[in-house]
Each structure stands twice: as structure tokens, then as C-alpha cells.
Amino acid sequence: QAKQAGRDTLRFFDPAMQARLHARARLEADLRQALARNEFLLYYQPQVNADRRMVGVEALLRWQHPERGLVSPGEFIPLAEENRLIVPLGDWVLETACRQLAAWAEDPATAGLTVSVNVSAQQFRETDFVARVLATLERTGARPERLKLEVTESLFVDNRDEARETMRLLREHGVSFSLDDFGTGYSSLSYLRRLPMDQLKIDQSFVLDLLADEACAAIVVSIITLSQSLHLEVIAEGVETEAQQGWLAAHGCHAFQGYLFGRPVPVEALALDT
Ligand code: C2E
Ligand code: MG
Ligand code: MG
Ligand code: MG
């Protein structure tokens, strides 16, 4: 027993582990400075309809680190969620996305575009989340009808009543909600019945294996059917090939996002019909 514990303790001080802990601490320290240093930027990825016309974009956060270059959200969002930096960071994302919406509203060619913004559970659960979103819309002049908030199933595991109330209040003002990475969470489907949701977003892992794996295909068909029965919009993410789009369209999904239509890019690089 003691020998076992001794070995574990030794492993903790293993140099590779030490290096990883150090790197993580460095990244966290850098992350704390990054907002003030203006190192974040938003990329936008097109969302298209059946005619492949861009109808909206998803805003995806990037961190331009002075030494590391572009850091992807998969690396720093989990860290920001742990230390609650995600709250001010989420505010920045919302503000930036709403400014973009307001700018697009000036031109008839872009005025109809929607922007989907990812919202973390911690951010959503802040007691003043509704007030913050409404204040941001007001301040920027963005139309609430053009703003979609992407949330994940994890929000509804507990605090379901509070989540529903938050959504209800924002929807009253015209904001809509999309359920991101749908099908990958672990909560029961019954919560969907009572949530004021507008859109289901089929997770890219199902789209990836759609044509190779019958189980994936079956799950996607179920999600599309479910969205139709519940009168929800449905969008597929991670669409990379014509074959995937063709299959999805044939099975009733008419909104798409993925590399086939465009990668996430800075706003200047978006192909806008202006
Ligand atoms: P997500 O919201 O599910 O975003 C979709 C991810 O899939 C993005 O990764 C996007 O670049 C990638 N993607 C899009 N099309 C394709 C495709 O055709 N093939 C493949 N293989 N990938 C595709 P990204 O930008 O690295 O973001 C990763 C995750 O980080 C997001 O997943 C989201 O959960 C989170 N995230 C990004 N921006 C924000 C943000 O502003 N706030 C919060 N809270 N989370 C964010
Ligand atoms: Mg998303
Ligand atoms: Mg997603
Ligand atoms: Mg995803």
C-alpha cells in the first residue's frame, strides 16, 4: 500500500508532468492578460440554406497569442471555464458579434444575416445574463431577431427551471436559441419538450461518419425527425463533402455549416453578396 502511494507520488514529480503543469500555468497567466491586451478575435463561418446561400454565420473565438500564434478555443475555453474568465470573455464575444450585426444591418445585402454565438454554461447561469445580453443589444443597436445563442445539453442537466426562464425572457425580446452538439450530451430527451428552443444543431461527429456508419445515419435521421415533430429548425455542422450534403438534404435537413461551404475566417474574408 505504502509502496503504491510512494510510486504515485514519484509519478507526480515526473519531469514531463512537471513541464505540462508549468505550461498550463503559463497559458492560464497569459489568458488572464489576453483580454486587456486585445488578443482575441472573432472568426465567422458561413451557414447556408438548401440553395447554398449564406443565411448566417457562427462566431468562433480565436486567440492571437504573441508567441504561440493562433490558439484554438479547444485549448483555452476549458481553461477559461475553470477560472471563470469565460464570463468577461463571453461578454466580449457577444459585444463584438452584436457590433458586426449592427454593421451588417446598414446594407440590404447583409441585413438578413444571423449571427450564432456560443454561450458557456457559467456565462448563461450568471444571475444577470439576461440583463447583459439585452444591454449589449441596446448598446450596439443589433436587432435581437438576428442573434442566435448556441447552448449545450449540459445546461439542462440541473437548474432546468432557471434555464427555461432565462431562455423565455430572452426569446420574448426576439433572441433565438440553438442546441449545439446535439446528441452528444447525456441528458434525457424529455427536457426538449419543455424548453423554448428554436434550432437543433446536429453534431459534427454524426455528420463525419454519416455515409460509413449505419448507426450514425440512424441517429441523424432521428434528430431530423425529432426536429420536425417538435417544429424546430435543424442544421448540420461539420459538412465537408457533397455526398454528406446530398444525403442530409435528401433526409430533410436544409441548413448546413462546414468546410464544404467555408472555413471560419475573419470578417473581411467572408464572401458577402454586397
Ligand atoms: P462548436 O460550437 O461546435 O463549433 C464548431 C467547431 O467545428 C469549430 O471549431 C469549427 O471551426 C469546426 N468546424 C466547422 N466546420 C467544420 C468541418 O467541416 N469539419 C471539421 N472537422 N470541423 C469543422 P473551433 O472554432 O475550433 O471551436 C471549437 C469549440 O470551441 C466550439 O465548438 C465551441 O464549443 C467552442 N467555442 C468557440 N468559440 C466560442 C465562444 O466564443 N464562446 C464559447 N463559450 N465557446 C466557443
Ligand atoms: Mg457552436
Ligand atoms: Mg457545435
Ligand atoms: Mg461541436
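This dialogue reads one helix and one metal site in a predicted model.

Visitor: Start with helix H3. Which of its residues are buried?

Guide: Buried means under 20% relative accessible area. In H3, residues 73–82, the buried ones are Phe 76, Leu 79 and Ala 80.

Visitor: Why do they count as one side of H3?

Guide: Look at the arc they cover around the axis. Here the arc is only 100°, so they sit on the same side of H3.

Visitor: Which exposed residues does the opposite face carry?

Guide: Gly 74 and Glu 82 are the exposed residues on the face turned away from the buried side.

Visitor: What do the buried residues of H3 pack against?

Guide: Two helices and three strands: H2 (15–34) and H4 (86–105), plus S1 (40–48), S2 (54–65) and S3 (69–71). After H3 comes Arg 84, with a positive phi near 70°.

Visitor: Now the metal. Which residues coordinate the magnesium ion (ligand 3)?

Guide: List the donor atoms. Asp 180 (OD) and Asp 181 (OD) each appear, and Glu 237 (OE) is listed twice, at 2.1 to 2.4 Å. The spacing in sequence is D-D-x55-E.

Visitor: Where in the chain do Asp 181 and Glu 237 lie?

Guide: In distant parts, 56 residues apart. Asp 181 is in strand S6 (residues 176–182). Glu 237 is in the loop between strand S8 (233–236) and helix H11 (242–250).

Visitor: Are these two buried or partly exposed?

Guide: Asp 181 has 25% relative accessibility, so it counts as partly exposed. Glu 237 has 7%, so it counts as buried.

Visitor: Which residue bridges the magnesium ions (ligand 3 and ligand 2)?

Guide: Asp 180 does, and the two ions lie 3.8 Å apart.

Methods. Residues numbered from 1 in each chain as written. Chains lettered and ligands numbered in written order. Predicted model: local features only at pLDDT ≥ 70, side-chain atom pairs only at ≥ 80, totals over all residues. Heavy atoms only, no water. Buried < 20%, exposed > 50% of the residue type's maximum accessible area, 1.4 Å probe, protein only. Helix = DSSP H or I, 4+ residues; strand = E, 2+ residues; numbered from the N terminus. Arc of directions from axis to C-beta. Contact = heavy atoms within 4.5 Å. Donors = N, O, S within 2.8 Å, 3.2 Å for Na, K, Ca; no water.
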